[in-house]
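Let's take a walk through a protein together, one step at a time. Have a look at the picture first, and then we will go through it piece by piece.

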Amino acid sequence: MENHIVQYLQSTLNKPVEGPSPAGNWLKGIVTDASEGDITVDYIVRPEMCNPVGTVHGGMLALMIDEVIGIATFSLQTEFLYTTVNLSLDYLSNSRTGETVTTRATVIRKGKNIINIAAKITDKSGKILVKASSNMAKTTNKLFN
């Protein structure tokens, strides 16, 4: 079966993400790589994403990760929508306004009702800023009617 979602994501490489999530669209991410269950998105840190000391706010980093995890889940082209059950983040370093951060989410295991995903955010040198894991639960909402 052809994966039309991955084909669509690949057709949007190096363009701003325009999806159903207003928060995700606000982030203005650029998909740089897309395959089934593995998505990479770059974000430029803007001043409105930062905390009072000028580094990117932890909540913004969590939003970036949650958005890319959602896209990775979506890329599986499942029958039903999934929702976040938990999101565990380890903040290891930070970034400042104007810097580009890369967020990658990879499906580790797709079970009958739960999808486990690992994610990380790195800076341009490859230093890990955040590492994360999440479980997504299948809902009763169909993805395509």
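Which residue takes a positive phi in the hairpin of β1 and β2? Keep that question in mind while we get our bearings. What you see is a predicted model, and every value below was computed from it.

Let's start with the whole chain. The protein chain has three helices and six strands. If you follow the sequence from its beginning, these elements come in the pattern α-α-β-β-α-β-β-β-β. Along its principal axes, the box filled by the C-alpha atoms is roughly 45 × 30 × 25 Å. A compact globule with 145 residues would have a radius of gyration near 15 Å, and the chain has 15 Å, so the two agree.

Now turn to the strands. Strands of a sheet pair through backbone hydrogen bonds, and they can do this in a parallel or an antiparallel way. Here, six strands make an open sheet, and the pairing is antiparallel. Trace the strands across the sheet and you will meet them in the order β1-β2-β4-β5-β6-β3. Why do β1 and β3 each have one side without a neighbour in the sheet? Both β1 (30–35) and β3 stand at the edges with a single partner strand each, so one side of each is left free of a neighbour. From one strand to the next, the twist averages 20°.

Let's cross the sheet, beginning at the β1 edge. β1 and β2 are antiparallel partners over five bridges, and V31 stands opposite V41 in β2. This brings us back to the opening question. The hairpin of β1 and β2 has two residues between the strands, and G37 is the residue in it that takes a positive phi, near 80°.

The next step goes from β2 to β4. These two strands run antiparallel and are joined by seven bridges. To find the pairing in the picture, look for D38, which stands opposite T106 in β4.

From β4 we move on to β5, its antiparallel partner over eight bridges. Here T103 has I121 in β5 as its bridge partner. A hairpin with three residues between the strands is formed by β4 and β5.

β5 (residues 114–122) then pairs with β6 (residues 128–142), again in the antiparallel sense, over nine bridges. Two places help you see this pairing: I115 stands opposite M136 in β6, and A118 stands opposite S133 in β6. The hairpin of β5 and β6 has five residues between the strands, and within this hairpin G126 takes a positive phi near 95°.

The last step takes us to the other edge. Ten is the number to look for here: β3 and β6 pair antiparallel over 10 bridges. Y82 has K138 in β6 as its bridge partner.

With the sheet in view, where do the helices fit in? α3 packs on the sheet and touches β2, β3, β4 (100–110), β5 and β6. The direction of α3 makes about 140° with that of β3.

Finally, let's look at the spaces. How much space lies in the largest pocket? About 630 Å³ lies there. The pocket is lined by 26 residues, and the closest to its centre are P20, E67, G70, I71 and F74. Four elements give two or more residues to this lining, namely α1 (4–11), α2, α3 and β3 (80–91). The largest share comes from α3, with six residues. By character, the lining of the pocket divides into 13 nonpolar, 10 polar and three charged residues.

There is also an enclosed space to find. A search of the whole structure gives one cavity of 30 Å³ or more, and the volume of the largest cavity is about 30 Å³. Its lining is made up of V17, G24, L27, G29, Y43, E67 and I71. Of these residues, four are nonpolar, two are polar and one is charged. α2 (22–27) and α3 (58–74) each supply at least two residues of the cavity lining. Look once more at E67 and I71: they line the largest cavity, and they are also among the residues closest to the centre of the largest pocket.

How values were computed
Residues numbered from 1 in each chain as written. Predicted model: local features only at pLDDT ≥ 70, side-chain atom pairs only at ≥ 80, totals over all residues. Heavy atoms only, no water. 1 Å grid on protein atoms, 1.4 Å probe; cavity = no way out; pocket = protein on both sides within 12 Å on 5 of 7 lines; lining within 4 Å. Points joined across faces, edges and corners; volume = space filled by probe spheres on them. Nonpolar A, V, L, I, M, F, W, Y, C, P; charged D, E, K, R; others polar. Pairing = 2+ DSSP bridges. Axes fitted to C-alpha atoms, helices over the stretch in contact; angles between N-to-C directions. Contact = heavy atoms within 4.5 Å. Rg over C-alpha atoms; globule rule 2.2 N^0.38 Å.
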